[in-house]
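Student: Hey, can we walk through this fold together?

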Amino acid sequence: MEIKKVVVSLCMGSACHQFGVYGVLPVLRGLLAESGYSDLVELKGAFCLGPCTEGIVINVGTVQITGINPQTLSRKFTKKILPAIIKQSEAANEPS
Ligand code: FES
């Protein structure tokens with residue numbers, strides 16, 4: 001059975017660019033690879049995701065995570081991004 005991936009969209013809009021998204025992207029890729037869950041994820045760039053003033057924005061499936069910057073990324077990854085990936089992957093791949 002093919003695994004349904006969770007789409008992780010990283011905002012590449014101009015505000016998130018100002019907050020340093022181009023520095024965050026390679027670190028996010030590295031954290032995903034280290035986690036062992038990168039096969040569950042389709043990582044994409046996105047246009048503005050909405051809350052531009054709240055730091056870099058990532059949508060993990062249906063969950064939006066804000067307030068990301070190079071300093072908070074690792075903590076946000078462990079506390080919010082990875083749990084959201086695992087939860088949504090489990091839901092999407094439940095046997096029917
Ligand atoms: S530019 Fe990233 S949320 Fe608007």
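Tutor: Sure, we'll go from the overall layout to the sheet and then the helices.

Tutor: This is a predicted model, where local features need pLDDT of at least 70, side-chain atom pairs count only at pLDDT 80 or more, and totals for chains, interfaces and linings use all residues. Residues are numbered from 1 along each chain as its sequence is written.

Student: How many helices and strands are in the protein chain?

Tutor: The protein chain has three helices and four strands. Those are DSSP runs numbered from the N terminus: helices are H or I with at least four residues, strands are E with at least two.

Student: And what pattern does the protein chain follow along the sequence?

Tutor: Along the sequence, the pattern reads β-α-α-β-β-β-α.

Student: OK, the sheet. What order do the strands have?

Tutor: The order is S2-S1-S3-S4, in an open sheet with mixed pairing. Two strands pair if DSSP finds at least two bridges between them.

Student: Which strands stand at the edges?

Tutor: Strand S2 (41-46) and strand S4 (63-68) do; each has a single partner strand, so one side of each is left without a neighbour in the sheet. The twist averages 20° from one strand to the next, with axes fitted to C-alpha atoms (for helices over the stretch in contact) and angles running from 0 to 180 degrees between N-to-C directions.

Student: Parallel or antiparallel for S1 and S2?

Tutor: Parallel, with six bridges joining strand S1 (residues 6-11) to S2. Leu10 sits opposite Gly45 in S2, and Val8 is opposite Leu43 in S2.

Student: How many bridges join S1 to S3?

Tutor: Three, and S1 and S3 run antiparallel. Val8 also stands opposite Val60 in S3.

Student: Switching to helices. What does H2 lie across?

Tutor: Helix H2 (residues 21-35) lies across S1, S2, strand S3 (56-60) and S4, at about 155° to S1. Helix H3 (residues 73-92) packs on the sheet too, touching S1, S2, S3 and S4, and its direction makes about 170° with that of S4. Contact here means that the C-beta atoms of two residues, placed from the backbone, lie within 7 Å.

Student: Last bit: what share of the residues is buried?

Tutor: Buried residues make up 27% of the 96 in the protein chain. Buried means 20 or more other C-beta atoms within 10 Å of a residue's own, with C-beta atoms placed from the backbone.

Student: And what does the C-alpha trace span?

Tutor: About 45 × 25 × 20 Å along the principal axes of the protein chain.

Note on methods
A residue is buried if 20 or more other C-beta atoms lie within 10 Å of its own, exposed if 12 or fewer, and partly exposed in between; C-beta atoms are placed from the backbone.
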